[in-house]
Amino acid sequence: MIRVLVFYQEVRKLVVKESKLFNQELEQFVSSIRAGREREIARAITLLEDQDPLSSKIMQLLYQNYSKGYLIGITGPAGSGKSSLLNLLVKEYLKKTEEKIAVIAVDPTAQQSGGAFLGDRIRMKELYANKQIFIRSMASRESLGGVNAAVYDTAVILAAAGYQKVIIETVGVGQTEIDIVSLTDTTIVVTVPETGDEIQIYKSQLIEIGDIFILNKSDLPQAAKMELLLKSLFALEKSDSLFQKRSAALEWEKPLLKTSALNNQGIAAVVEAINEHFNYLQKNNILAENKNKQLKKHLLNLLLSRVTQKFSKKFKEEAKLEDYLAKILVGEAAPFQLIEEFVDNNLTN
Ligand SMILES: Nc1nc2c(ncn2[C@@H]2O[C@H](COP(=O)(O)OP(=O)(O)OP(=O)(O)O)[C@@H](O)[C@H]2O)c(=O)[nH]1
Ligand SMILES: [Mg+2]
């Protein structure tokens with residue numbers, strides 16, 4: 001009876017495994033990705049998100065001598081018009097190029113079918129049907145580095161599938177967004193002439209990490225004021241960087257572009273600025289350098305994500321938090337010491 005059960009379980013495993021790859025062998029499945037078949041691409045991303053063991057096998061094949069696509073990050077406060085801009089940007093590209101373009105929208109708010117994404121779906125309806133374009137939303141993970149790692153692996157899948165440009169939209173101006181855009185080659189920061197934003201932007205490091213700045217919603221009356229403010233912030237950053245002794249040849253003048261996604265204005269200039277930045281990166285050999293840098297960063301993100309996942313799980317399950325609190329309060333141990341002990345005790349298992 002037990003033998004039959006084991007046999008049944010083995011067969012079931014095989015069937016599940018096969019159906020995950022649409023009844024294809026691993027190599028065949030990866031070939032389908034390389035051939036640009038959307039069904040297989042989408043499945044590979046899902047397996048990745050689920051941290052399915054099959055995903056490692058797929059990624060092992062895809063990473064071998066992988067060539068990196070050109071990664072563009074677009075970030076900025078919620079509701080600043082990133083998706084509206086992206087929609088127009090992609091349409092502008094479609095007029096000019098046969099290149100395949102992929103969009104990854106990192107959505108912190110919801111599951112796959114969440115609200116904001118639903119809005120994007122409606123807005124990007126025409127693009128979804130277009131074979132030249134691949135659009136995918138990814139829920140951001142709880143764990144540190146988790147979403148970044150998934151985004152980079154996804155970009156590698158998409159590059160293997162022939163998407164020369166991969167645009168990553170992230171919402172917000174927090175650390176996660178900054179980490180994600182630091183995995184890209186060109187970073188676009190979208191700002192808007194609305195109250196509160198100026199403080200957010202000033203505080204965040206976005207002014208430092210952005211390559212191209214967009215002042216969207218320039219149709220709004222406060223736009224001129226915001227433009228002045230941004231220009232003065234740029235001037236500040238420039239005078240700071242004088243002290244960093246960057247090579248003059250490598251200096252990139254960060255453009256500030258005014259757009260109105262609402263009125264379809266200023267989009268061609270954004271495309272032009274992206275092209276210019278791409279040329280700048282290529283001319284200075286930065287794209288090639290980025291490949292190594294990004295892969296190292298990716299490994300670090302994976303490490304962070306795995307360690308956080310494993311330790312938090314163990315900590316919640318095993319640590320006697322009440323004991324810890326008591327020890328701290330009676331002066332028996334400092335918090336740092338308790339955590340250090342916990343980590344040391346759990347490093348090997
Ligand atoms: N007035 C004005 N409104 C705009 C402009 N661009 C976008 N909007 C509006 O701003 C709202 C948010 O636009 P989205 O494109 O969804 O912004 P987003 O940055 O992608 O939003 P999240 O992904 O939710 O952070 C929508 O109601 C748009 O119609 C613009 O140039 N001018
Ligand atoms: Mg959006």
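**A buried metal site, strand β6 and helix α4**

Let me begin with E169, which has a relative accessibility of 6% and therefore counts as buried, where buried means under 20% relative accessible area, exposed over 50% and partly exposed in between, with a 1.4 Å probe and protein chains only. Before going on, I should say that this is a predicted model, in which local features need pLDDT of at least 70 and side-chain atom pairs count only at pLDDT 80 or more, while totals for chains, interfaces and linings use all residues. Residues are numbered from 1 along each chain as its sequence is written, chains are lettered from A and ligands numbered from 1 in the order in which they are written, and side-chain values use heavy atoms, with hydrogens and water left out.

Now to the chain as a whole: it has 349 residues, of which 45% count as buried, and its secondary structure comes to 16 helices and 7 strands, these being DSSP runs (helices H or I, at least four residues; strands E, at least two) numbered from the N terminus.

What are the protein donors of the magnesium ion, ligand 2? They are S83, through OG, and E169, through OE, and they lie 2.1 to 2.2 Å from the ion; donors here are N, O and S atoms within 2.8 Å of the metal (3.2 Å for Na, K and Ca), and with water not among the atoms, sites may look incomplete. The two residues link distant parts of the chain, since S83 belongs to helix α5 (residues 82–96) and E169 to strand β4 (residues 163–171), 86 residues apart. Like E169, S83 counts as buried, because its relative accessibility is 7%.

Let us turn to I212, which lies in strand β6, residues 212–215, and is buried with a relative accessible area of 0%. Leaving aside residues up to four places away in sequence, I212 touches ten residues that I will name in part, among them T186, V189, W252, L257 and A273, contact meaning heavy atoms within 4.5 Å. H277 is also one of the residues touched by I212, and although 65 residues separate the pair in sequence, their C-alpha atoms are 8.4 Å apart in space.

Finally, consider helix α4, residues 53–63, where L54, S55, I58, M59, L62 and Y63 are buried. Seen down the axis of α4, these buried residues fall within an arc of 160°, so they line one face of the helix. On the other side of α4, P53, S56 and Q60 are exposed, and just after the helix N65 takes a positive phi of about 50°.

Key:
The arc is that of the directions from the helix axis to the C-beta atoms.
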